[in-house]
Amino acid sequence: MNRPASPSQSFAAAPRRFALIPAAGVGARMGAGIPKQYMTVAGKPMLRHALDTFAAHARIARTFVVVSAGDGWIDELLTPELARRATVLRVGGDTRQESVLNGLAAMRAGASIGDDDWVLVHDAARPGLNAELIDRLLDALEGDAVGGLLALPVVDTLKRAGGDARSLETVPRAGLWAAQTPQMFRYALLRRALDEASARGRIGAITDDASAIEMLGLQPRLVEGSPRNLKVTLAQDAALAEFFLKGQ
Ligand code: C5P
């Protein structure tokens with residue numbers, strides 16, 4: 001039975017949700033002259049799509065974006081309205097995970113973030129994220145003990161290639177999902193997971209946040225994402241991202 005709260009009872013504040021966008025990569029696979037997060041897709045730089053989506057979302061308290069110390073593009077991209085909802089952290093590392101870890105440390109220095117507050121880590125190179133997908137993730141993970149991520153069940157038949165691009169074997173796809181972002185974990189848990197991966201020299205081996213959580217023996221929840229939330233890695237991916245963004 002629910003009892004009315006007595007005035008002396010104290011409740012922990014509801015956890016808040018922060019977005020953290022690692023955007024310190026150089027995007028070598030795109031073959032473009034500028035880092036891929038600054039390439040224009042559907043009328044604006046990819047990073048701007050993600051920033052606008054988070055900044056406009058009422059359930060996201062603030063967005064932090066990690067760029068490299070020498071980044072010469074971010075100031076131009078941040079409008080005065082965006083600057084009120086987003087903070088730039090010039091603490092990018094050599095790998096995505098180092099950029100995330102540095103970002104987690106720096107975001108706490110400037111804002112009061114609780115251990116149980118949620119952090120949604122999102123790749124700058126996924127411009128197709130929208131409010132509906134953020135809501136789906138937030139709703140699915142409300143009260144979850146571990147956290148989780150957007151992901152898509154694998155539908156293709158998977159082949160393992162040998163050195164000469166010949167198929168060695170077919171990998172059973174049952175139970176396989178392709179990870180997307182945002183990946184959403186409690187601040188303290190995510191920081192501990194990445195710290196431990198780093199201390200064990202395994203930070204370079206992991207390509208997403210959920211794998212650091214898995215190394216602690218925990219099982220992140222898989223929440224169905226969408227093809228529109230693809231990661232732009234190769235030049236042809238930009239055209240597909242544009243198709244989804246223009247069709248919305
Ligand atoms: O290169 P990849 O597509 O895997 O990068 C995923 C995300 O991680 C991108 O948003 C990229 O800018 C970011 N990243 C980073 N620091 C690095 C490498 C990548 O913030 N050193």
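In the predicted model, Gln 97 is buried, with a relative accessible area of 1%. This residue lies in helix H4, which covers residues 96–110. The side chain of Gln 97 forms a polar contact of 2.7 Å with the side chain of Arg 96. When neighbours within four places in sequence are set aside, Gln 97 is in contact with Leu 194, Ile 203, Ile 206, Thr 207, Asp 208 and Asp 209.

The setting of this residue may be described through the protein as a whole. The protein contains eight helices and 11 strands. Its radius of gyration is 19 Å, which agrees with the value near 18 Å that a compact globule of 248 residues would have. Along the principal axes, the C-alpha trace spans about 70 × 45 × 40 Å. The accessible surface of the protein comes to about 12,700 Å², and carbon and sulfur atoms account for 52% of that area. Of the 248 residues, 44% are buried. Among contacts in the protein with a separation of 6 or more, 71% are made by residues 24 or more positions apart.

Helix H1, formed by residues 46–55, offers a further case of burial. Eight of its 10 residues are buried, so the helix is largely enclosed by the rest of the structure. The buried residues of H1 are Met 46, Leu 47, His 49, Ala 50, Leu 51, Thr 53, Phe 54 and Ala 55. In an α-helix there are 3.6 residues a turn, so residues three or four places apart point the same way.

The ligand was examined next. It is surrounded by 16 residues, and the closest are Pro 22, Ala 24, Lys 36, Gly 93 and Ser 99. By class, this shell holds five nonpolar, five polar and six charged residues. Several pairs of atoms link the ligand with the protein. A polar backbone atom of Pro 22 lies 2.6 Å from an oxygen atom of the ligand. A polar backbone atom of Asp 94 is 3.3 Å from a nitrogen atom of the ligand. The side chain of Lys 231 also takes part, with a polar atom 2.9 Å from an oxygen atom of the ligand. Taken alone, the ligand exposes 460 Å², of which the protein buries 85%.

Some details of the backbone also deserve mention. The peptide bond from Thr 181 to Pro 182 is cis, with omega near 5°. Pro 182 belongs to strand S10, which runs over residues 177–186. Two alanine residues have a positive phi although neither is a glycine. For Ala 42, phi is about 50°. This residue is found in the loop between strand S2 (40–41) and strand S3 (44–45). Ala 42 has a relative accessible area of 23% and is therefore partly exposed, since buried residues have under 20% and exposed ones over 50%. For Ala 165, phi is about 55°. The loop that holds Ala 165 lies between strand S8 (158–161) and strand S9 (167–171). With a relative accessible area of 69%, Ala 165 is exposed.

Key. Residues numbered from 1 in each chain as written. Predicted model: local features only at pLDDT ≥ 70, side-chain atom pairs only at ≥ 80, totals over all residues. Heavy atoms only, no water. Near = heavy atom within 4 Å. Polar contact = N/O pair within 3.5 Å; in protein donor to acceptor, adjacent residues only side chain to side chain. Areas by Shrake-Rupley, 256 points an atom, 1.4 Å probe, with all protein chains shown as cover. Nonpolar A, V, L, I, M, F, W, Y, C, P; charged D, E, K, R; others polar. Helix = DSSP H or I, 4+ residues; strand = E, 2+ residues; numbered from the N terminus. Rg over C-alpha atoms; globule rule 2.2 N^0.38 Å. Buried < 20%, exposed > 50% of the residue type's maximum accessible area, 1.4 Å probe, protein only. Contact = heavy atoms within 4.5 Å.
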